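Subject: The structure we talked about

Hi,

Here is the structure I promised to pass on. Have a look at it first, and then read on for what I found.

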Amino acid sequence: MKKSSLPRNPSSFHLKTKSSRIQGSRYYPKRYDLDPNTRNVILDEGLVCHVAFNIDNQPFIIPTGYCRVDDTLYLHGSVGSHFFMQMAKGIPLCISVTIVDGLVLARSVFHHSMNYRSVVAFGKGRLVDSDEERWLAAEKFTEHVIPGRWAEARQPSASDMKKTMFIAVEIEEASVKLRDGGVGDDPEDMDLDVWAGVLPLQIMPFEPMSDESGKPGLAVPAYVHDYNRSFF
Ligand SMILES: Cc1cc2nc3c(=O)[nH]c(=O)nc-3n(C[C@H](O)[C@H](O)[C@H](O)COP(=O)(O)OP(=O)(O)OC[C@H]3O[C@@H](n4cnc5c(N)ncnc54)[C@H](O)[C@@H]3O)c2cc1C
């Protein structure tokens, strides 16, 4: 989806109740968008999320992979992972996904910024125990990272699945924040001899490096060669 096609009408912004977790100390409506479609585009493009949780008043934040199915995020990890065992207890989680679209280089350091799209989602961990949902999560996770891989790679064995824990997080609330556009310098700085502008950034694959330790001569699949993480 083109970034420009994301719904961005400031007049349609709304917050939930005052007690909502997405009601911040400082609300800057121009940059927030609570439309679930905007949220989903960002979640589907992102590769890594950060999961925050609190145990005995000690905050933790762990980066990990994820995928989205409708309003649910799936995470997967080792059955021996402390992090996953905590999430399986149903503790409250806050999950964020960030895509950096560019560096905004103003004439003054003060007005430097970044263009970005970010999601902050709230929910609770749920241990996925049905085989059907575990397989769905395994497939969607793989396809989220690299579409086409699930059909080609060896799929998980019973033993692989036994070693893997899947956690579902139904999104209870989520906020989206975006910045795009150019430089916002103060009028008195406009005549400075300082280059200003935006340096766009995106995840860019390089030439794939084949692993030579297996069967020789296998062609790089098109879905690897043509990998594109940027959806706009
Ligand atoms: C790549 C990147 C770089 C940034 N750099 C800076 C920086 O250098 N300095 C700075 O002050 N801010 C920066 N921000 C913005 C930062 O994430 C906060 O939005 C900002 O600090 C304002 O916080 P607040 O006190 O208004 O929000 P709070 O009142 O603390 O947050 C209230 C609620 O708003 C929502 N929310 C807040 N921020 C975001 C977000 N980014 N995405 C989605 N939902 C959100 C959450 O639901 C949160 O619970 C950056 C964001 C990104 C993605």
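To start with a small puzzle: is Asp 56 buried or exposed? Asp 56 is exposed, because 4 other C-beta atoms lie within 10 Å, and a residue with 12 or fewer counts as exposed. Please keep in mind that this is a predicted model.

**The whole chain**

The chain holds six helices and nine strands. Of its 232 residues, 19% are buried. Among the contacts with a separation of 6 or more, 72% join residues 24 or more positions apart.

On confidence, the average pLDDT of the chain is 89, and 86% of the residues score at least 70. Please be careful with residues 1-19: pLDDT stays under 50 there, and the model has 27 contacts beyond four places in sequence for that stretch.

**The first hairpin**

Back to Asp 56, which sits in the loop between strand 1 and strand 2. Its phi is near 50°, a positive value in a residue that is not a glycine. Strand 1 covers residues 49-55 and pairs with strand 2 in the antiparallel sense, over seven bridges. The two strands form a hairpin with two residues between them. You can find the pairing next to the turn by looking at Ile 55, whose bridge partner in strand 2 is Gln 58.

How many of the seven residues of strand 2 are buried? The count is zero, so strand 2 (residues 58-64) is hardly covered, given that a buried residue needs 20 or more other C-beta atoms within 10 Å.

Cys 49 in strand 1 gives another view of this hairpin. Cys 49 is buried, because it has 22 other C-beta atoms within 10 Å and the cut-off is 20 or more. Leaving out residues up to four places away in sequence, Cys 49 touches Thr 64, Tyr 66, Ile 95, Ser 96 and Val 97. Between Cys 49 and Ile 61, twelve residues apart in sequence, the C-alpha to C-alpha distance is 10.0 Å.

**The second hairpin**

Strand 3 (residues 67-69) and strand 4 (residues 72-78) also form a hairpin, with two residues between them. Their pairing is antiparallel and runs over three bridges. Arg 68 has Leu 73 of strand 4 as its bridge partner.

Which residue in this turn has a positive phi? That is Asp 70, in the loop between strand 3 and strand 4, with a phi of about 55° although it is not a glycine. Asp 70 counts as exposed because it has 8 C-beta neighbours inside 10 Å, where 12 or fewer is the cut-off.

**From strand 4 into the core**

Strand 4 has a further partner: seven bridges join it to strand 7 (residues 164-170), and the two run antiparallel. Within this pairing, Tyr 74 has Ala 168 of strand 7 as its bridge partner.

Tyr 74 is a good residue to click on next. The largest nonpolar core has 31 residues, and Tyr 74, Val 119 and Ile 167 touch the most other members. Strand 7 supplies the largest share of this core, with five residues. Beyond its neighbours within four places in sequence, Tyr 74 is in contact with several residues, including Tyr 66, Cys 67, Val 69, Phe 141 and Phe 166.

**Helix 1**

Helix 1 spans residues 36-45, and its buried residues are Thr 38, Arg 39, Val 41, Ile 42 and Leu 43. What covers them? The cover includes strand 3, strand 5 (92-105), strand 6 (113-127) and strand 8 (173-179). When you look at the helix, it may help to recall that an α-helix has 3.6 residues a turn, so residues three or four places apart point the same way.

**Towards the end of the chain**

Finally, have a look at Tyr 227, in the segment after helix 6 (222-225). Tyr 227 is partly exposed, because its 16 other C-beta atoms within 10 Å fall between the cut-offs of 12 or fewer for exposed and 20 or more for buried. Apart from residues up to four places away in sequence, Tyr 227 touches Ile 146 and Pro 205. Met 204 is 23 residues from Tyr 227 in sequence, and their C-alpha atoms are 8.7 Å apart in space.

Happy browsing, and write back with any questions.

Best wishes

Conventions
Residues are numbered from 1 along each chain as its sequence is written. This is a predicted model: local features need pLDDT of at least 70, side-chain atom pairs count only at pLDDT 80 or more; totals for chains, interfaces and linings use all residues. Helices (H or I, at least four residues) and strands (E, at least two) are DSSP runs, numbered from the N terminus. Two strands pair if DSSP finds at least two bridges between them. Two residues are in contact if their C-beta atoms, placed from the backbone, lie within 7 Å. A nonpolar core is a set of buried Ala, Val, Leu, Ile, Met, Phe, Trp, Tyr and Cys residues joined through C-beta atoms within 7 Å. pLDDT is the predictor's confidence in each residue, from 0 to 100.
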